[in-house]
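Thanks for asking me to look this one over. My comments follow as numbered points, so you can check each against the structure as you read.

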There are 2 protein chains.
Amino acid sequence: MITIRDVAKKAGVSPMTVSRVINGRRGVSPRTRAKVLQAIEELGYVPNSLAQSFALQRTKTIGLVITDITNPFFTTLARGVEDTAAKNHFSVIFCNTDEDPEKEALYLELLAGKRVDGVILAPASKKRHSLKSLLARGIPVVLVDREVEGLRHMDVDIVKGDSVYGAYILTKHLISLGHRRIGIIVGNRDISTAEDRVLGYCQALEEAGIPLDESLIRFATYSEEGGYRETKSLLSQSNRPTAIFGGNNFIALGAMMAIRELGFSIPEDVALVCFEDIDFLSKFIPFFTVVVQPAYSMGVLATELLIRRIEGQDKVRERREVVLKPELIVRESAGEKLAKGVGVLEKN
Amino acid sequence: MITIRDVAKKAGVSPMTVSRVINGRRGVSPRTRAKVLQAIEELGYVPNSLAQSFALQRTKTIGLVITDITNPFFTTLARGVEDTAAKNHFSVIFCNTDEDPEKEALYLELLAGKRVDGVILAPASKKRHSLKSLLARGIPVVLVDREVEGLRHMDVDIVKGDSVYGAYILTKHLISLGHRRIGIIVGNRDISTAEDRVLGYCQALEEAGIPLDESLIRFATYSEEGGYRETKSLLSQSNRPTAIFGGNNFIALGAMMAIRELGFSIPEDVALVCFEDIDFLSKFIPFFTVVVQPAYSMGVLATELLIRRIEGQDKVRERREVVLKPELIVRESAGEKLAKGVGVLEKN
DNA sequence: TTATAATATGTTACCGGTAACAAAAATGTT
DNA sequence: AACATTTTTGTTACCGGTAACATATTATAA
């Protein structure tokens, strides 16, 4: 492998001079620079960024720890991260935790060992402990999508959607269409968005004077199985809901399966809405009423915040919180066509 | 930052001994090992894998260079790569080229600089040159999904789907349903799968004795716009096709848009089939007839091949080629319900 | 022309591990 | 007990860059 010393020898200069040329530092005469560049060219030299990272103690690499790259929400977010990282000459190492806090802890440890310059994390749990290995080492962290408890005074930024608000408007929309018994299925109680979405749901019900029925609130997992199981359970209880609020796209997918299996149709028998759009489906058949979050922007913003921390351009040390408003997209799955002239649907 | 020397001092041994303990090497007495472990524990020491990589000249990291993580095919493939890499204690750096050979070359250069142990690449073009920076440095490469020209005798493995066969059976399926004029839209001519899919298409036509009409074959881009534009063009020509074969999911999506805009319906006016499933959509509404490739397995296999090369377990130096058969999933978008009793549809 | 500053280049040591070899200690053998 | 072996531990140098400082060269001013 060709090193900086090989180049130096060939160009008849010192390694340091070559280093200067590579990094475009001033203080190299044009003639010397030309000689060095030629030597680099002839030898096909590529600087060893590993050695560089090692010497400089920074890797120009960030870790992206999410739960599942297979979820379009995270895919899009990841794309935002990658694009922004590339623009700033950072690479991205990516890790899927599958919502497993242990796997998460393992990955964070790994990233700490790799001395990544920073980490973007969608935490699998509200618990703080897995962050320790990073924070203790002074590695900046930006959370995305989800909160972690007890970080108020630490410099861990966060970029998230306003789940409370999103759930609130979605629930309100259902109520405006005449629904009174609305089931809600979200992820694990340990995930902040699960709590928040239930909170927004409760707020909307309260505002409408609809009494809360605990049996309609289900904490499951943000997965197809979770949605499937809880929907079956919800729809088989005596006083079954007329609408179901899926905590995310996967849950809605599972719910859809369950509804179909039970021989019900959407929205005639049960309305079904959810958080996150259902990508391809919605392009083909604009059917599902959803609340969408700006996933790509979340990735971009998180990366920008992180890089700013890394480069130390932020004098401000306190925690930053970016909360993005989600958007309600009204389509048909909540029975909008059936309920002509109701609420948001006047225009129909 | 705590180093191995700090631990050594605290434990009253040499750094080398600590290194041995960390790596679980034999030749350390139980008592010493205990002392060292305790020191590590007390100091909260985590080995600097950067330094480790540097000393050992291997990074335990692979690069994954694909065109777009947003495409579910690549997302799934990436997941296969990540899972397999993690299982073997490798990390994955990921890069999106957006089908741009220049961006690809840049990323490969970057990865070469980072001294990744190997690269998995879905090439943006058949041209070989961007691979040079890796091959010259002896960095193993495994191609996925697509071929690169002139690599016969080089040790660059490949894992791909059998595009010729896939296109062949899909076209044959259309023919069996009575279609004679079938339009096909694929990606750039520089991409091997584009050529292969057209090849399979031609074979099926030839076999059925249907003369080739060049105007029905469109090399565009593997994107929504490509599908949209070419579909509009295909459907507005005088003798318009009764079926369209989308080269991938995005193309089909664009085609769908175009068809809808032109006021046609699927499959009554035009049949529409494609390569790659349309994930969410198909779960909700099993409508699209497609040929699917085992994306996850492709990721797994590619990673396994790569790691085997990296670890040098392969005595065999010649190029390996893994070709996976795609699967035809017959649904309704080619007019199967309309054409009762025809071909594959006897069971209906 | 000489002093002084500015610019260009070189030297040394270090980043934090580990391989390769050397030395010391423990164990076994005759 | 004396020697050979094996096991445990330590020493040195190196991986390939770069910071910090030292020195040589050139330009600028007095």
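1. Let's begin with the surface near DNA strand D, where α4(A) gives the largest share, five residues. Please keep in mind throughout that this is a predicted model.

2. Which other elements give two or more residues to that surface? Alongside α4 (49–56) of chain A, the list has α2 (15–22) of chain A, plus α2 (15–22) and α4 of chain B. In terms of class, the surface near DNA strand D has 15 nonpolar residues, 10 polar ones and one charged.

3. If you would like particular residues to click on, there are 26 around DNA strand D, and those that come nearest are Ile4(A), Ser19(A), Ala51(A), Ser14(B) and Thr32(B).

4. Now to the place where the two protein chains touch. Here 39 residues of chain B are in contact with 39 residues of chain A. On the chain B side, at least two residues each come from α4 (49–56), α5 (72–87), β2 (91–96), α6 (101–113), α11 (249–261) and α12 (279–284). That side of chain B is made up of 20 nonpolar, 12 polar and seven charged residues.

5. How are the two copies related? A turn of 180° with a shift of 0.1 Å along the axis lays chain B on chain A, with an RMSD of 0.1 Å. This is the relation of a two-fold axis. The copies meet through the same surface, because 100% of the interface residues of chain B are also interface residues in chain A.

6. A strand of chain B deserves its own visit: is β9 (residues 271–275) mostly covered or mostly open? Mostly covered, since five of its five residues are buried. Ala271(B), Val273(B) and Phe275(B) lie on one side of β9(B), with Leu272(B) and Cys274(B) on the other, and both faces are covered.

7. What pairs with this strand? On the one hand, β8 (residues 243–246) of chain B is parallel to β9(B), with four bridges between them; Phe245(B) is found opposite Val273(B). On the other hand, β10 (residues 289–292) of chain B also runs parallel to β9(B), joined by three bridges, and here Cys274(B) faces Val290(B) as its opposite residue.

8. Finally, the connections between these strands. β8(B), α11(B) and β9(B) form a right-handed β-α-β unit, and β9(B), α12(B) and β10(B) form a right-handed β-α-β unit as well. The helices of these units, α11 and α12 of chain B, each supply at least two residues to the side that touches chain A, which links this part of the fold back to point 4.

Technical notes: Residues numbered from 1 in each chain as written. Chains lettered and ligands numbered in written order. Predicted model: local features only at pLDDT ≥ 70, side-chain atom pairs only at ≥ 80, totals over all residues. Contact = placed C-beta atoms within 7 Å. Nonpolar A, V, L, I, M, F, W, Y, C, P; charged D, E, K, R; others polar. Near = placed C-beta within 6 Å. Buried ≥ 20, exposed ≤ 12 C-beta atoms within 10 Å, placed from the backbone. Pairing = 2+ DSSP bridges. Right-handed = clockwise from strand over helix to strand, strands pointing away. Least-squares fit on C-alpha atoms with pLDDT ≥ 70 in both.
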